[in-house]
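Visitor: I would like to go through this model with you, one topic at a time. Shall we begin once it is on the screen?

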2 protein chains.
Amino acid sequence: MQIILDVMGGDQIPGNLVEGGVRAAREFDLDIVLVGDPPVIRSSLKKLGAIEGSQVSILASESVIRMDEPPVQAVRKKRDSSLVRGLHALREQDGDALVSPGNTGAVVAGSLFTLGRIPGIPRPGLVANLPSVDGADFAMVDVGATVDCMPEHLVHFASMGSIYARDVMGISRPRVGLLSIGEEKGKGNRLASKTFSLLQDAPITFAGNVESHQLLNGRPVDVVVCDGFVGNVFLKATEGAVGAIVSLLKAGLSSSRRAKLGAMMLRPILRHLVGKLDYHSRGGAPLLGVNGVVIVAHGRSDADAIVGAIDVARRAVSSGMRKHLAESVEGKAT
Amino acid sequence: MQIILDVMGGDQIPGNLVEGGVRAAREFDLDIVLVGDPPVIRSSLKKLGAIEGSQVSILASESVIRMDEPPVQAVRKKRDSSLVRGLHALREQDGDALVSPGNTGAVVAGSLFTLGRIPGIPRPGLVANLPSVDGADFAMVDVGATVDCMPEHLVHFASMGSIYARDVMGISRPRVGLLSIGEEKGKGNRLASKTFSLLQDAPITFAGNVESHQLLNGRPVDVVVCDGFVGNVFLKATEGAVGAIVSLLKAGLSSSRRAKLGAMMLRPILRHLVGKLDYHSRGGAPLLGVNGVVIVAHGRSDADAIVGAIDVARRAVSSGMRKHLAESVEGKAT
């Protein structure tokens with residue numbers, strides 16, 4: 001198996017990404033193609049004591065798409081960027097999957113331009129793996145690839161999310177919930193209400209509406225579907241609440257000697273807790289529905305997160321996820 | 001000033017609500033009309049050592065709209081409920097404002113049926129007062145009254161939210177942000193993108209897009225506008241994240257003697273912290289755009305929360321908020 005890794009994308013320090021790639025190559029015994037500026041990559045490899053060879057190779061690119069660039073224009077203009085070079089390599093089957101920690105919008109636009117959609121899937125969906133207090137993750141589709149959805153798009157997200165949960169998360173009969181406000185059928189907005197009826201007839205295990213306060217706590221389902229705007233708001237609201245609590249704790253902890261002492265004793269628990277809820281540290285977000293295995297790593301990924309994202313890519317490739325996604329819309333058994 | 005308080009609504013223990021009403025009457029020197037089952041109210045008053053009189057009076061109702069009842073049907077059928085009786089009293093000017101801790105959907109539907117809209121305001125918006133780590137609150141409109149919005153509805157929310165921030169929160173020139181994903185103009189879904197252009201021309205102080213992870217932390221604006229579905233998802237996502245952290249802390253705290261000791265020392269800080277982020281404890285949510293001052297208190301309100309909700313009602317009445325809302329759509333200066 002060969003994984004293409006964009007080591008220039010986003011706000012990253014290429015050294016961290018190269019390190020993640022090299023570690024994943026060793027750990028999972030696979031080949032890595034590092035896409036980026038060759039001198040930068042070589043210097044990182046040298047620092048790591050790793051050598052360029054068949055397991056770790058370099059694909060040269062000349063430019064970088066920054067995090068704040070308008071996605072569509074950037075992808076059209078910067079054909080020599082690490083992202084677009086990597087996507088072309090994936091299309092030409094010079095690799096089985098692409099991992100990029102870059103501008104999410106650019107990864108979505110670039111994937112649609114370069115790879116296209118899987119025939120029969122109208123819109124791509126980005127998956128976030130989210131934690132819950134019981135320790136098990138759940139998947140949310142879509143968290144930002146398709147921000148204006150029709151009910152049938154959400155039905156595709158439900159079907160693709162189920163295949164992802166089976167192939168990558170190893171859940172044999174994933175339960176799917178529809179994110180809404182109110183639990184009863186018909187509660188929510190027009191999109192949720194129409195989608196509910198369609199999901200009842202879809203070949204998935206539909207568990208009804210779920211509300212956003214339940215997800216991290218009860219983990220009522222394995223897969224949650226929503227439009228990409230709502231999913232992105234949910235994701236960032238959770239991130240914001242965790243961040244707010246951490247900064248309140250930090251401020252409170254420095255307020256008295258007693259609190260400082262308490263904090264010292266609690267530090268391992270607090271660290272574990274924040275780590276548990278920090279979805280940044282948890283691998284990558286697969287972009288489902290495009291014609292290739294594409295994983296978006298978070299813009300602030302460190303080497304650990306890159307190893308996690310490559311692990312997701314590896315599972316998706318070895319399980320045949322793309323084939324299962326294509327078969328699901330052909331009406332074949334998956 | 002006379003405030004009508006529905007003491008039967010929702011999951012409440014009437015005694016807590018009666019206590020909140022009696023305390024608010026004393027604290028703010030106003031009259032309270034308690035709507036509910038007279039024997040239940042009288043027994044609560046007796047326990048509190050309070051007496052029925054001109055400052056605390058009773059309006060009898062026979063039934064209750066439960067939290068899980070379908071709002072529209074419940075309001076139509078249960079004309080003798082505490083909510084509907086209270087709304088009729090408000091319409092007949094037997095009070096200046098209504099506070100109900102009941103079924104939010106029923107309060108919205110009942111207010112629209114009984115009071116109607118302020119002419120020129122197409123849809124009502126429910127306001128949540130939310131906390132931020134810097135201690136100051138911000139207001140979000142809408143958090144669930146109107147779940148399918150057109151861009152012009154959001155412009156009305158922005159205008160109504162500005163009047164609320166000025167009249168009730170005491171912010172002289174409130175800054176308004178549009179909840180979206182991505183900060184630049186045009187980022188987000190079609191609704192956000194179209195609303196952005198309209199807000200640039202609206203007679204408010206528009207500060208551009210805000211993202212959900214910024215709100216509790218940086219508090220970039222005083223008022224955030226979004227459609228009611230997205231606002232409700234945001235609210236409950238925040239609630240869920242806070243709840244998840246509290247339960248992880250509780251689990252972690254019982255794990256070792258060292259952690260227990262640390263927790264004991266940190267307890268005051270943790271309690272303060274959770275209180276700070278717990279919007280349940282913060283007064284009530286005004287329903288803007290209906291023809292009367294209606295405040296929804298949270299379904300799990302205790303006496304303190306009821307005092308807070310009555311405080312919001314009192315400020316809205318004494319500032320002339322309803323008149324300002326009506327004037328704003330007549331094109332008059334507010």
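Guide: Let us start with B:D29, which is found in the loop between helix 1 and strand 2 of chain B. Helices (H or I, at least four residues) and strands (E, at least two) are DSSP runs, numbered from the N terminus. This is a predicted model, in which local features need pLDDT of at least 70, side-chain atom pairs count only at pLDDT 80 or more, and totals for chains, interfaces and linings use all residues. Residues are numbered from 1 along each chain as its sequence is written, chains are lettered from A and ligands numbered from 1 in the order in which they are written, and side-chain values use heavy atoms, with hydrogens and water left out.

Visitor: What is phi of B:D29?

Guide: Phi is near 55°, a positive value in a residue other than glycine. B:D29 comes just after helix 1 of chain B.

Visitor: Is B:D29 buried or exposed?

Guide: B:D29 is exposed, because its relative accessible area is 65%. Buried means under 20% relative accessible area, exposed over 50%, and partly exposed in between (1.4 Å probe, protein chains only).

Visitor: And what is phi of A:D29?

Guide: A:D29 has a positive phi of about 50° although it is not a glycine. A:D29 lies in the loop between helix 1 (14-28) and strand 2 (31-36) of chain A.

Visitor: Back to helix 1 of chain B: how far apart are its end C-alpha atoms?

Guide: They are 21 Å apart, which agrees with the 21 Å that its 15 residues (14-28) should span at 1.5 Å a residue. The expected span is 1.5 Å times one less than the number of residues.

Visitor: Which residues of that helix are buried?

Guide: Among the buried residues of helix 1 of chain B are B:L17, B:V18, B:V22, B:A25 and B:F28. Their cover includes strand 1 (2-6), strand 2 (31-36), helix 2 (38-48), strand 3 (56-60) and helix 11 (303-319) of chain B.

Visitor: Which salt bridges does B:R23 form?

Guide: B:R23 forms one with B:E19, with the closest N and O atoms 3.4 Å apart, and one with B:D304, with the closest N and O atoms 2.8 Å apart. B:R23 lies in helix 1 and B:D304 in helix 11 of chain B, so this pair ties together parts that are 281 residues apart in sequence. A salt bridge is a side-chain nitrogen of Lys or Arg within 4 Å of a carboxyl oxygen of Asp or Glu.

Visitor: What separates B:E19 and B:R23 along the helix?

Guide: They are separated by about one helical turn, because they are 4 residues apart in helix 1 of chain B. An α-helix has 3.6 residues a turn, so residues three or four places apart point the same way.

Visitor: With what does A:R23 form a salt bridge?

Guide: A:R23 forms a salt bridge with A:D304, with the closest N and O atoms 2.7 Å apart. The structure holds 28 salt bridges over all chains.

Visitor: New topic: how many disulfides are there?

Guide: There are 0 over all chains, a disulfide being a pair of cysteine sulfur atoms within 2.5 Å.

Visitor: Why is B:C149 not bonded to B:C226?

Guide: The sulfur of B:C226 is the closest cysteine sulfur to that of B:C149, but at 8.4 Å it is too far for a bond. B:C226 counts as buried, because its relative accessibility is 3%.

Visitor: Last one: where are the cis peptide bonds?

Guide: One joins A:V141 and A:D142, with omega about 10°. Another joins B:V141 and B:D142, with omega about 10°.

Note on methods
Contact means heavy atoms within 4.5 Å.
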